[in-house]
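Welcome! Please take a moment to turn the model around on your screen, and then we can walk through it together.

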Amino acid sequence: MAGGIYLIQDDDRLVEMMEQPYDSEDQLQDLLVTYPNLIAGDQIDRATARRWLLISREAAPSDEETAVQWSLDHLFLDQNAVPTLVDVRRTPNAGLRQKVLGQSIDYAANALVYWPVDSIIALFEANCRDRGRDPEHIFEEFLGANANEDLFWQKVKTNLQAGKVRLVFVADEISAEMRRVVEFLNEQMDPVEVLALEIKQYVSEDGLKTLVPRVIGQTAEAQQKKSSATRERRRWDESSFFAEIKARRGADEALMAKAIYLWAKSQEPEVQIQWGTGDAYGGFAAQLPQKGRKPYQLFTVDIAGRMEISADNYGSQQPFNAEQNWLELRSKLSSIGLSLPTEPGERRSPSLALFTLQDESALKQVMETFDWVIEQIKTL
C-alpha cells in the first residue's frame, strides 16, 4: 500500500491515513455528483475558482441517428457557462486510455450536435427531478438570485458554437503516459481545455477518509499559447480591449462593457479611466481623482467579463468608512448584484458578470448607482 498523510486531531493525536483504492468507478463517480468541488476549480483557475453545475450523469448523445453508442460520465457547466465533459476511470491502462481519449475528443468536436442547448436544459431539469430538487432553486444557488437564467443558457450555446469546452479525465492515479498525452493536447487544442484530475483516497484505521484532488495538464506552454494574442500587448487601450473582450466573451458582453466605458467617459473630468496590463486582469478602472490623496477607484471591468469593486477601497475611505454610510452603500450595491461584507474594511472583491446586464433596465440601474456613489464622494 502506498504511503499516507497525517491528520492532527484536537487532542493532538496524530492519525495516519493510508492511500486506499476506490472500490469501483461508480464510487468515484458518486463522489463527484455529491461533491462537485472535488473537480478542483481553484486549481483550474487560480484567479477565479471554477464552480460547477451538474447537468447530467451518464449524458448520452441526443441525436438518435448518431453511431455513437456510449455516454459521458458527467456533464457540468462552470459559472462562465463553459461545458465541462468529465470521464471517470480507475487507473486506465494503455488500451483503455486511448479509447477514453478518443471518445471524449469525439464528444468535444461534436458537442453542439450531440447536445443542442435545449437538450442540455432538458438534461439539467431531468437530473433535478431525479434528485428531488427544484431546478430554479439549484440555479439560484449556483449563480445567485439576480442571475438571468435565459442569458446564461444563451452563453452556453455561444460557447458550444465556438468550441469552447473543457475535457477532464478523472482517475485515482494518472500515469506518466496519460499525463504526457493530456499536456500535449492542452498545448495544441485551442479554445478547448484538456485536463486530467487525480483524486487519491486516504483512509484511517478508525474510518476517517480524506480525498486529495490534483489537476494535471496546465503546463506553462499551454497557458502561454491560449493567451498568446493578449500577451503580445500587455498594455491595454480602448481598441485592444474591446476587440479582445468581443473575441473572448462574445458581442453581447462586449456591448455591456462598452456601455459602462462610455458612461465613465461621459463623467470626465470628474472620472478618469486607467487602462491596466496583463492577461488575467487586463481591463480598465474608473477612478475619481482626489487632491492630495490616491484616486478613489469606483470599479474595474476586465477581459474575463466582470465588473469588480474593492470592498477594502470603499470601506477604508470617507464617506463610506462611517457605519451608516457603509450600510447605505451596501444596500445600493446589493441591489445591482455586488455584495459587500457587513463590516467596512474587509478585504473582498465582489464582482458582477457582465452577461447579467443585457437587460437595459439592469444596466441603467448600475449606472445610476455609481452616479449616486460619485455624488456621495463629492460631498466630502
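Helices and strands here are DSSP runs, with at least four residues for a helix and at least two for a strand, and they are numbered from the N terminus. With that in mind, find Q20, which sits in the loop between strand 2 (14–19) and helix 1 (25–34). Please remember as you look that this is a predicted model.

Let us stay with Q20 for a moment. Its relative accessible area is 31%, and since buried means under 20% and exposed means over 50%, Q20 is therefore partly exposed. Leaving aside residues up to four places away in sequence, Q20 touches Q201 and V203. Another residue to look for is S204: 184 residues separate Q20 and S204 along the chain, yet their C-alpha atoms are 9.5 Å apart.

Now step back to the whole protein chain. Its secondary structure comes to 15 helices and 13 strands. The chain has 380 residues, and 47% of them are buried. If you take the contacts between residues at least 6 apart in sequence, 63% of them join residues at least 24 apart. On the outside, the chain exposes about 18800 Å², with carbon and sulfur atoms supplying 46% of that area.

One piece of this surface is a nonpolar patch formed by Y6, I8 and L14, which together have about 370 Å² of accessible area. Y6 belongs to strand 1 (residues 4–8). At 51% relative accessibility, Y6 counts as exposed, because the cut-off for that word is over 50%.

Next, let us follow the aromatic rings. Searching the whole structure gives 20 aromatic pairs. One of them joins W52 and F76 in an edge-to-face arrangement, with 6.4 Å from centre to centre and 70° between the planes. W52 is in the loop between helix 2 (41–44) and strand 3 (53–59), while F76 is in strand 4 (residues 72–77), so this pair ties together parts that are 24 residues apart in sequence. Are these two residues buried or exposed? W52 is buried, at 8% relative accessibility, and F76 is buried too, with a relative accessible area of 0%.

A further pair is made by W263 and F299, and this one is tilted: the centres are 6.1 Å apart, with 35° between the planes. It links distant parts of the chain, since W263 lies in helix 12 (residues 251–266) and F299 in strand 11 (residues 293–302), 36 residues apart. W263 has a relative accessible area of 9% and is buried; F299, at 1%, also counts as buried.

Rings can also join up into a cluster, and here ring pairs link F124, F139, F142, F152, W153 and F355. F142 has a charged partner as well: the charged end of R51 sits over its ring, 5.7 Å from the centre. Elsewhere, K258 lies over the face of F242, 4.4 Å from the ring centre.

To finish the tour, look for P319 in the loop between helix 13 (311–315) and helix 14 (323–334). Which label fits P319, buried or exposed? With 12% relative accessibility, P319 counts as buried, because the cut-off is under 20%. P319 and I377 are 58 residues apart in sequence, but from C-alpha to C-alpha they are 6.4 Å apart in space.

Definitions and conventions:
Residues numbered from 1 in each chain as written. Predicted model: local features only at pLDDT ≥ 70, side-chain atom pairs only at ≥ 80, totals over all residues. Heavy atoms only, no water. Phe/Tyr/Trp six-rings, centres within 6.5 Å; stacked < 30°, edge-to-face > 60°. Buried < 20%, exposed > 50% of the residue type's maximum accessible area, 1.4 Å probe, protein only. Lys NZ or Arg CZ within 6 Å of the ring centre and 35° of its normal. Patch = residues over 30% accessible without salt bridge, like charges linked within 9 Å, V, L, I, M, F, W, Y side chains within 5 Å. Areas by Shrake-Rupley, 256 points an atom, 1.4 Å probe, with all protein chains shown as cover. Salt bridge = Lys/Arg side-chain N within 4 Å of Asp/Glu carboxyl O. Contact = heavy atoms within 4.5 Å.
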